Every structure is written in structure tokens, then in C-alpha cells.
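Reader: Could you take me through one part of this model in some detail? I'd like a close look at the place where the chains meet, and then at whatever connects to it.

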Protein chains: 2
Amino acid sequence: VSLRDEIGEQPEVVRSVLVANESAVTDVAAAIRERDAEFVLVAARGTSDHAAIYAQYVLGARNGLPVALAAPSLMSRFGTRPRLRRALVIGISQSGGSPDIVAVLREGRAQGALTLAITNDPMSELAAAAEWSLDLKAGTERSIAATKTYTAELLALAMLSAALADPAGSDDCRDLAELPARIEAALDGEEQIRRAAMARVGAGNFVVLGRGFEYATAREWALKLKEIAGVFAEGYSSADFQHGPSTLVGHGLPVLAIAPAGPLHDELIELLGSLQAERGADVVVVSDQPDSPSGAAVLPLPAGTPDWLGPLVAIVPAQLFSYHLALARGHDPETPRGLRKVTRTL
Amino acid sequence: VSLRDEIGEQPEVVRSVLVANESAVTDVAAAIRERDAEFVLVAARGTSDHAAIYAQYVLGARNGLPVALAAPSLMSRFGTRPRLRRALVIGISQSGGSPDIVAVLREGRAQGALTLAITNDPMSELAAAAEWSLDLKAGTERSIAATKTYTAELLALAMLSAALADPAGSDDCRDLAELPARIEAALDGEEQIRRAAMARVGAGNFVVLGRGFEYATAREWALKLKEIAGVFAEGYSSADFQHGPSTLVGHGLPVLAIAPAGPLHDELIELLGSLQAERGADVVVVSDQPDSPSGAAVLPLPAGTPDWLGPLVAIVPAQLFSYHLALARGHDPETPRGLRKVTRTL
């Protein structure tokens, strides 16, 4: 099984996660409503930390829950015991094995907080540490770079948000059920994506921009570019980017952006237009809209995905772009230098 | 007044912030204790966002407060109203003018949360929007890249943490009072720092590592390198770095690290040693300890700074390194291309 196979498995994984977690998500949502948490604390690292960023937006925008991303070292290394009695504490980890993430869940549970593990290994320490657990059932992920387990983590969070927003919500159910077909449609764009990647084979630095729900995609795309293709890439909220880092954009720098329809679309397209016109940026846009700056490369998304589910579809062109850039650069996407599948940080 | 002058003003700015905010901080701390907030939400962008990261560690480690970094677009662009009734909402902004940050404070106040503005302009919209306000009194900052106002923001947060931890705390008072002398001592290392920067004039990419309190310094150092010197630089928690990005380290890549004494020191030094020995990284260490990998460039810190105040001292070599790298590269550190002093994001 190769990385490309795992990218291609995502429609099937989404179908499987939808079925496997339906009743568990309903139960967890009921427990959360009962406990009336004031805020959410999410502990995660690496790719799962980008699922945590998605949690911040989806639970914030749709459920009114403030979400804090944990600084695990506060508990694991400084011995801090932050007040968590009114929190929902979520740990997200493919392997469920990183000791610092487990420590956050243990501390939350000891204080009486509601605790939830989201992991691909139901026998992991993380699952054992939490009161509640969602088993991703994404199948074994063999490649070191996470792809299908990221999508599965996003989906578990999206399902939780839907169950919290409206336990009987039929619109959300329909939108969730349409995801596999949307991801298939995104996979169909592979040839266009491959050509866009090939055209940037000489670039060593990339900037990736997204905002709102797609900020998570920007961060995860940048990580995939580093891990798989071995290029420097940083993902920014397009607002933060304007507070300083935008000064780096010079002639020919690839600026990759996720700009689907939504309340943040127009301003991102305007920013990309000015980076292209005034600085000579080499703009690549992932979008379902026809208004990208002329001359920009467009990686098309299927139209009509609701914004809160956008990251589950937009990550597909990002993964494929990173994969084909790796091949074009002569990098083996399966074995990034110096990385292991499970990283145990303390 | 040049950027270098503003870097040099920091001991004086610290003295002035200590005096100007003493009673205001005591009052704010009393209000926070009375309101018994369950968590803190901090809204900030750019350099001030790195002060927000410091807030996460200092209020977490010393005051047991979970800290969430706000996603301002949730309120300003998605119209979300996250539940903030039990929150302390802090807005940090040099200018106090960015509309998205102001919107977070307004929403918090409307819900009855305790609100606090930390800004260098007491007449700003941010100060007006908050119930409480700390006036940094750092003096006008003319350079586009923030230096002394960052230190002033950190200090306001450190003073708040000290007042919350123990209103009469004499140890903390002594440690705070010693900061100007420590910053002077850090400034004295300039010639060594200048030489270390000159030796890396050909590098276009830098990695910056820190963890715990010094994660904020790693992020701010990377931003200064981008803004002033025009190089690509990304700041990482050394734990997150091991979950993927470490694969980028190849022969000669400058890896800058902040590794003062403390519970995270040994593991960071070990990581740097292996990046140097196995990957040929060009290691530069900011530290008050003598155990840096042999062959690494060491930018010395004065010994004995308590870890929670470390970022106020460690940022000085980071600023000076960025400044001298800019000069060596022929960049004008005063006028980064395309940036303005005040960035108004929505």
C-alpha cells in the first residue's frame, strides 16, 4: 500500500467513519450537553494538530464553544494543573501513543472534566485514558505521512459538531453523506494537479494561505509539502500573513491558497491578485469559484460543499499536489528522511 | 530613531512599564480573582500574537488558567458568538487599531466577560472597547518591525501573572526588578551575535526552535528574521518539530534554538546534538548553560533568569541577530517591503 493508495482510499474511509461512529457520536454529544462545558481544550501534535485547528473553527462557528489548543508541556514538563473542571478535553492522535497527549487527558479526567479520545487505535493509551472514545476505523495507515487518518479525524469532529448542533439535523446528515462523492470529484482533478506540481518542481520555498475553516488546510498542506516533498513551506491565516510575513513574497514565489466560496473568499482573492500583480507571486488557487486572478493555476473543487465541511474536500488536491511534487523532485514520498510513523514526545 | 535604537531602549522601557502599570495590574488582578474566570481568551495578531503565546504559558504554568488563542474571524466574519460569560478576554495590540481584535473584546464585554486591553495607545479603539486597560507606555515605536513594544507586552502579562499568583509576592517583585539589568547584559553580547549573523549571510532558510516559555521567542525570532532580514524562517515548538518538519534539516541548514536552563533544556540540547551530528545542521544556541553541542555558535544569556521571565531577555539576542543579518544581507531593516506599521485586518 502506497501513500497514493491511501489518498485514494479517502472516499471509502469517509463512508466507513460515518457508519462506525454514528451512535458513539450521538452518545458523546448527549454527554457534552449534559455536562454543559464552558470551553474545549484539544491536545494534539503534527497532522492531528491541524485537526485540532479544524475543531477550533467547527466547534466555534457552529456550536459556540471556545476552543483552546493545549500546550502539552505545561502539564507533562512543568507539572502545571490548569483548571479543567468545566472543560471538554479532547485528545486527537492517529496512534494514540504520544505520552504528552495522554497526560493532558489524564489530568482532565482527574479533575472531573469530560474527556474524549479520537484515535485510530481503540486499544491505545489515549483511548484508555479518556472517558469517551471515537474509534476512527480508517484502517491501518502505513505511510509515514498521514492522509486518510487526517480526513477521518476531521470527519469525527464534523460529526460531533453536527450532533451537538441538532441531534436530528437532517441537512447536516445529507451534507455528511455527500462527502464521499465530493472527495471522489476532487480526486478526479489529479491530472490538472499533477501538471501544476510539475510546473513548480524548481521551487524550494512555498507559502500556503487559508483562513477560517481552511486555515487548517493551509497548515496541513504546508506540513505535507515538507514531509513528502522536502520543501520549505509555511501555512498562514491570510490575516496573520498580512501582519508581517507577506514581505517575503518576491518574483516567482509559489503562493498556494485555499479559496472556496464563503465569507472570506473575496478578500483572499483580492490579496492573491495584489501579490501576483505587485510582487510577481506565482499563484495557485484551490477553489470552486471562477474568479481566480488571471494567470493563476486553478485546482478545481466540486461546487456546493458547505464551508464547515470544506476542509475534508480541499485537503485532497493539497495531498495530491504534495505527492506529485515529491515525485517530480525525485523524493520518495513513502520514507521522509529521519521520520517514524509514531513520534513519542514527552 | 532607528530599529537598533529601539532594541537598545528596552531596559529603559522595562523600567517605565514596571512603574507605569504597577497599580493598574494590581486592580486588574483583583477583578480577575473576584470574577473567578474559568479560562482566558486572547486575541492578537503578528508580533502581539507571540505575546499571546507567552500568555498561554505564563498564565497556564503559574496561575493554572487555560488560555485559548482566539480565531478572530469566527466573530468578525462568521458572526459567531462563542460562549464567553466565564472568560477573561484579553486583546493585545501595539496600535489598538485592528478591527478584528476589537470585535473580540466587544463581544466578550457584551456577554459580561471580564475584558482587558493591552496596548501602547490608551486612546485606541481597543482600549475603549475593554473594561480594563493596561497602557504600555513604551513610547512611540517608529520602526515597522516591533521590538520594544513586544517586550512591553510580555512584561505587562508577566506583571499580571505575578499579581494573580501572590499579590504581595516579594520574590516575583525582585525578579521583575532585575529585568532591566539582565536585558542590558544580553545587549552586551552584541559583537558575538553580529559575528554569528555575518557567518550565516548566505542562508535563505532558517529553522527556529524553542519549547515551553521560549516557544514564544522561537515564533517571534522567526517573524523578525522574515520582516527585517527577508529570509524564510519558521518557529517551532521542538516537540512539534519532531512530528514531521525535522525531515527538512540537511547539511548547513541554520537551526537556531533558545535553550536556557529549565525542565526542557536537556532534551533540546540532545535534539540539537543529533541534528548537528546526523544531519549536518548549523546550530546556533541562545543559552545561559555551557553544554551546547561542540561546534555550535553560542549566543550567551545572563545566568539566573527565572524561566517565566526568560522570554523578555532571550528575545534580545534574537532581535540583534535578525538586525545584523539584515545589514549583512544589504536589507534596510527599517522598511520591510510592502509592510505598514499598522495592519487593519477584518
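Author: Here is a walk from the interface into the strands behind it, with a stop at one histidine at the end. Keep in mind that this is a predicted model.

Let's start with the contact itself. Chain B puts 70 residues into it, and chain A also puts in 70 residues. Together they bury about 5,800 Å², with carbon and sulfur atoms giving 55% of that area. There's plenty of charge pairing too: 12 salt bridges are counted between chain B and chain A. One pair to look up is Arg45(A) with Asp240(B), a salt bridge whose closest N and O atoms sit 2.9 Å apart. Polar contacts across the interface come to 22 residue pairs, with both partners at pLDDT 80 or more.

Which elements of chain B supply at least two residues each to the side that touches chain A? On the helix side they are α3 (47-63), α4 (73-76), α11 (215-229), α12 (238-242) and α13 (265-279), and the strands are β2 (67-69), β6 (205-210) and β7 (232-237). Of these, β7(B) gives the most, with 5 residues. Sorted by class, that side of chain B has 31 nonpolar, 21 polar and 18 charged residues.

Now cross over to chain A and pick out Asn205(A), which belongs to strand β6 (residues 205-210) of that chain. Is Asn205(A) buried or exposed? Its relative accessibility is 14%, so Asn205(A) counts as buried, the cut-off for that being under 20%. Leaving aside residues up to four places away in sequence, Asn205(A) touches Phe232(A), Leu253(A) and Pro254(A) in chain A, plus Asn205(B) and Phe232(B) in chain B.

The rest of that strand is covered as well: 6 of the 6 residues of β6(A) are buried. You can check this face by face. Asn205(A), Val207(A) and Leu209(A) are on one side, Phe206(A), Val208(A) and Gly210(A) are on the other, and all are buried. As for its pairing, β6(A) runs parallel to strand β7 (residues 232-237) of chain A, joined by 6 bridges. If you want a spot to find the register, Gly210(A) has Ser237(A) in β7(A) as its bridge partner.

Back in chain B, have a look at strand β8 (residues 254-258). Its 5 residues out of 5 are buried, so β8(B) is largely enclosed by the rest of the structure. Pro254(B), Leu256(B) and Ile258(B) are on one face and Val255(B) and Ala257(B) on the other, with both faces covered. What does β8(B) pair with? There is β6(B), in the parallel sense over 3 bridges, where Leu256(B) is the bridge partner of Val208(B). There is also strand β9 (residues 282-287) of chain B, which runs parallel to β8(B) and is joined to it by 5 bridges. In that pairing Val255(B) stands opposite Val283(B).

Last stop: His331(B), in the segment after α14 (310-328) of chain B. With 33% relative accessibility, His331(B) counts as partly exposed. Not counting residues up to four places away in sequence, His331(B) touches Ile228(B), Ala229(B), Gly230(B) and Ala326(B). Take Ile228(B) from that list: 103 residues separate it from His331(B) along the chain, yet their C-alpha atoms are 7.4 Å apart.

Methods: Residues are numbered from 1 along each chain as its sequence is written. Chains are lettered from A and ligands numbered from 1 in the order in which they are written. This is a predicted model: local features need pLDDT of at least 70, side-chain atom pairs count only at pLDDT 80 or more; totals for chains, interfaces and linings use all residues. Side-chain values use heavy atoms; hydrogens and water are left out. Contact means heavy atoms within 4.5 Å. Buried area is the accessible area (1.4 Å probe) that two parts lose on being put together, summed over both. A salt bridge is a side-chain nitrogen of Lys or Arg within 4 Å of a carboxyl oxygen of Asp or Glu. A polar contact is a pair of N or O atoms within 3.5 Å; within protein, one must be able to donate a hydrogen and the other to accept it, and residues adjacent in sequence count only if both atoms are side-chain atoms. Helices (H or I, at least four residues) and strands (E, at least two) are DSSP runs, numbered from the N terminus. Ala, Val, Leu, Ile, Met, Phe, Trp, Tyr, Cys and Pro count as nonpolar, Asp, Glu, Lys and Arg as charged, and the others, Gly among them, as polar. Buried means under 20% relative accessible area, exposed over 50%, partly exposed in between (1.4 Å probe, protein chains only). Two strands pair if DSSP finds at least two bridges between them.
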